[in-house]
Amino acid sequence: MTTVRVVLPYHLRNIAKVSGEVTLEISGPITLGTVLDELERTLPTLRGTFREHNTGKRRPFIRYFACQEDLSHEALATALPPAICEGREPLLIVGAMAGG
């Protein structure tokens, strides 16, 4: 088992009724998809907030960052950097902003 840290945006922390970082225990390969799967399994109120229910595609205005890299357009099978897998850095899930 590997412990992965995840930082959620304020509004999703409120929905999930958590404060601060979320820690997840994941076995097997640590990919963007396995982290999101475990996050939705552990905090079921967040199902569908990151990805569309029927397609699994990232929802607009949600971004994923790992070690200062934007992974938002990467495949869910993308392996996360070692610093995330080792728990030294958190995966950041960010609510993007739009407008003028």
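# Exercises on a predicted model

C67 sits in the loop that links β3 to β4 (69-70). The model is a predicted one. The exercises below start at this loop and then move outward.

## Exercise 1: The loop between β3 and β4

Find which sign phi takes at C67 and at Q68, and set it against the general rule.

Solution.
- Step 1. Recall the background: most residues other than glycine have a negative phi.
- Step 2. Read C67. Its phi is near 50 degrees, a positive value, and the residue is not glycine.
- Step 3. Read Q68, which lies in the loop between β3 and β4. Its phi is positive too, about 65 degrees, and Q68 is not a glycine either.
- Step 4. Add the surface. Q68 counts as exposed because its relative accessibility is 81%. C67 is partly exposed, at a relative accessible area of 30%.

## Exercise 2: The cysteine pair

Decide how many disulfides the model holds, and state how far the sulfur of C67 is from the nearest cysteine sulfur.

Solution.
- Step 1. Fix the bond in mind. A disulfide covalently joins the sulfur atoms of two cysteines.
- Step 2. Apply the cut-off: the two sulfur atoms must be within 2.5 Å.
- Step 3. Count. The total is zero disulfides. For C67, the nearest cysteine sulfur belongs to C85 and is 9.0 Å away, so by the 2.5 Å limit C67 is in no disulfide.
- Step 4. Check from the other side. C85 has the sulfur of C67 as its nearest, at 9.0 Å, and is in no disulfide.
- Step 5. Place C85. This residue belongs to helix α3 (residues 82-85). Beyond four places in sequence, C85 contacts T2, T3, I30 and L80. From the C-alpha of C85 to that of P44 is 23 Å, with their positions 41 residues apart along the chain.

## Exercise 3: The buried side of α2

List which residues of helix α2 are buried, and name the strands they pack against.

Solution.
- Step 1. Set the range. Helix α2 covers residues 32-42.
- Step 2. Pick out the buried residues: L32, G33, V35, L36, E38, L39 and E40.
- Step 3. Look at the spacing. An α-helix has 3.6 residues a turn, so residues three or four places apart point the same way. Among the buried residues are L32, V35, L36 and L39.
- Step 4. Name the partners. The buried residues of α2 pack against β1 (2-7), β2 (22-26), β3 (62-66) and β5 (91-95).

## Exercise 4: Two residues between α2 and β3

Are L46 and F50 buried or exposed? Which residues do they touch?

Solution.
- Step 1. Locate them. L46 lies in the loop between α2 and β3. F50 lies in the loop between α2 and β3.
- Step 2. Classify. L46 is buried because its relative accessibility is 0%. F50 is buried because its relative accessibility is 0%.
- Step 3. Trace L46. Beyond four places in sequence, L46 touches L8, L12, I15, A16 and E40. Its C-alpha is 9.1 Å from that of R13, 33 residues away in sequence.
- Step 4. Trace F50. Beyond four places in sequence, its contacts include L8, L12, L36, L39, E40, I62, Y64 and I93. The C-alpha atoms of F50 and Y64 are 9.5 Å apart, at a sequence separation of 14 residues.

## Exercise 5: A strand residue

State how exposed R63 is and what it contacts.

Solution.
- Step 1. R63 lies in strand β3.
- Step 2. Its relative accessible area is 22%, so R63 is partly exposed.
- Step 3. Beyond four places in sequence, R63 contacts R58, D70, S72, H73, L92, I93, V94 and A96.

## Exercise 6: The whole chain

Describe the order of elements and test the radius of gyration against that of a compact globule.

Solution.
- Step 1. Count three helices and five strands. Their order from the N terminus is β-α-β-α-β-β-α-β.
- Step 2. Compare the radius. For 100 residues a compact globule would have a value near 13 Å; the protein has 13 Å, so the two agree.
- Step 3. Add the extent. The C-alpha trace spans about 40 × 25 × 25 Å along its principal axes.
- Step 4. Check the interior. Of the 100 residues, 37% are buried.
- Step 5. Check the contacts. Among those with a separation of 6 or more, 52% join residues 24 or more positions apart.
- Step 6. Finish with charge. There are 11 positive and 11 negative side chains, and the centres of the two sets are 7 Å apart.

Definitions and conventions
Residues are numbered from 1 along each chain as its sequence is written. This is a predicted model: local features need pLDDT of at least 70, side-chain atom pairs count only at pLDDT 80 or more; totals for chains, interfaces and linings use all residues. Side-chain values use heavy atoms; hydrogens and water are left out. Buried means under 20% relative accessible area, exposed over 50%, partly exposed in between (1.4 Å probe, protein chains only). Helices (H or I, at least four residues) and strands (E, at least two) are DSSP runs, numbered from the N terminus. Contact means heavy atoms within 4.5 Å. The radius of gyration is taken over C-alpha atoms; the globule rule is 2.2 Å times the number of residues to the power 0.38. Lys and Arg count as positive and Asp and Glu as negative; His and the chain ends are not counted. The place of a charge is taken as NZ of Lys, CZ of Arg, CG of Asp or CD of Glu.
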